[in-house]
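Colleague: Please pick one part close to the start of this chain and give me a proper look at it. After that, carry on to whatever else you can say about how the chain is arranged.

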Amino acid sequence: MPHTVRAVVARAKGEPVSIEAIEVPDPGPGEVLVAVQACGVCHTDLHYREGAINDDFPFLLGHEASGIIEEVGEGVTNVAPGDFVILNWRAVCGSCRACRRGRPWYCFDTLNAAQKMTLDGVELSPALGIGAFAEKTLVAAGQATKVDPTASPEAAGLVGCGVMAGLGAAMNTGGVGRGDSVAVFGCGGVGNAAIAGARLAGAHTIIGIDIDAGKLDLAREFGATHTIDSSS
Ligand SMILES: [Zn+2]
Ligand SMILES: [Zn+2]
């Protein structure tokens with residue numbers, strides 16, 4: 001039986017979002033139903049509402065989330081009901097050339113849930129394939145990753161977008177290593193995660209640059225050795 005849950009929907013470009021009752025199907029093969037515990041508010045959700053991503057309205061917003069697996073569809077083995085998980089944007093296929101070379105981030109055949117969540121019979125477009133501004137959401141099983149159940153839901157959810165973007169920029173894309181000097185322009189969620197990543201990677205000098213003194217305070221907490229207020 002489909003589940004009727006409350007959710008935040010952007011119906012049209014630039015219009016205020018609204019809380020609606022949406023229908024979430026039972027998970028089909030390879031899908032899981034997740035009871036959302038927490039979801040961050042990311043600037044990309046605003047981009048969706050402004051029509052800056054694409055025009056596939058109505059959007060079910062929210063994509064930086066943690067939750068509890070409630071039901072699993074046929075053939076799902078990586079998670080089970082009751083597991084605490086974070087959600088990622090797309091599941092990888094595991095069998096294409098990139099996946100077999102151990103580089104799943106280049107997967108040629110990523111996927112989301114095959115079934116659609118709906119509002120009054122109209123198919124919703126879940127933000128980044130997740131749609132977690134909802135009491136429950138439907139994703140491909142590979143989008144759910146089990147994490148330490150003692151982590152706070154609010155903190156764990158951030159790993160799904162802002163933290164991986166910032167940490168990944170420093171540790172993978174930027175290749176920061178021991179003794180390096182790093183400057184991070186913009187110390188919001190992603191920037192401060194980049195600072196934390198640079199510190200974890202062993203950078204010696206980490207300079208945080210922002211126009212907001214409060215964000216520079218946070219930058220120092222996350223590991224910036226120097227900060228510059230570029231508004232002055
Ligand atoms: Zn995001
Ligand atoms: Zn693949």
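**Starting from strand 1**

Modeller: Let's begin with a single pair: R6 has A21 as its bridge partner, and A21 sits in strand 2. Bear in mind throughout that this is a predicted model. The R6–A21 pair belongs to an antiparallel pairing in which strand 1, residues 3-10, is joined to strand 2, residues 18-24, by seven bridges. Strand 1 has a further partner in strand 4, residues 59-60; these two also run antiparallel, with two bridges between them. There, V9 faces L60 of strand 4.

Now for the residue I'd zoom in on, H3, which is also part of strand 1. Its relative accessible area comes out at 12%, and since the cut-off for buried is under 20%, H3 counts as buried. Its side chain still has polar company: a polar contact of 2.8 Å joins it to the side chain of D26, and another, of 3.5 Å, joins it to the side chain of K136. If you skip the neighbours within four places in sequence, the contacts of H3 include I22, E23, V24, P25 and D26, along with L33. E70, E71 and K136 are also in contact with H3.

Further along the chain comes helix 3, residues 153-173, and this one isn't straight: it has a kink of about 60° centred on V159. Its buried residues are A156, G157, G160, C161, G162, G166, G168 and A170. As a reminder, an α-helix has 3.6 residues a turn, so residues three or four places apart point the same way. Among the elements that cover the buried residues of helix 3 are strand 5 (65-72), strand 6 (84-87) and helix 4 (189-200). After helix 3 comes G175, with a positive phi near 60°.

L167 is another helix 3 residue, but it is not one of the buried ones. With a relative accessible area of 24%, L167 is partly exposed, because that class runs from 20% to 50%. Not counting residues up to four places away in sequence, L167 touches N172 as well as A193, A194, A196, G197 and L200. For a sense of scale, L167 and H226 are separated by 59 residues in sequence and by 19 Å in space, C-alpha to C-alpha.

H226 takes us to another sheet. Strands 12, 13 and 14 form an open sheet in the order 12-13-14, with parallel pairing. Strand 12 (181-185) and strand 14 (226-229) are the edge strands, each with a single partner, so one side of each has no neighbour in the sheet. On average, neighbouring strands here are turned by 15° against each other, direction ignored. Strand 13, residues 205-210, pairs with strand 14 in the parallel sense over four bridges, and G208 stands opposite T227 of strand 14. Helix 5, residues 213-222, lies across strands 13 and 14, and runs at about 170° to strand 14.

One last bit of context comes from a record. An unreviewed UniProt entry annotates residues 189-230 as "domain: Alcohol dehydrogenase-like C-terminal". Across residues 189-230 the chain is 52% helix and 24% strand, and the end C-alpha atoms are 18 Å apart.

How values were computed: Residues numbered from 1 in each chain as written. Chains lettered and ligands numbered in written order. Predicted model: local features only at pLDDT ≥ 70, side-chain atom pairs only at ≥ 80, totals over all residues. Heavy atoms only, no water. Pairing = 2+ DSSP bridges. Axes fitted to C-alpha atoms, helices over the stretch in contact; angles between N-to-C directions. Contact = heavy atoms within 4.5 Å. Buried < 20%, exposed > 50% of the residue type's maximum accessible area, 1.4 Å probe, protein only. Polar contact = N/O pair within 3.5 Å; in protein donor to acceptor, adjacent residues only side chain to side chain. Bend = angle between axes of the 7 residues up to and from the residue. UniProt positions renumbered as here; feature names shortened; annotations may be inferred.
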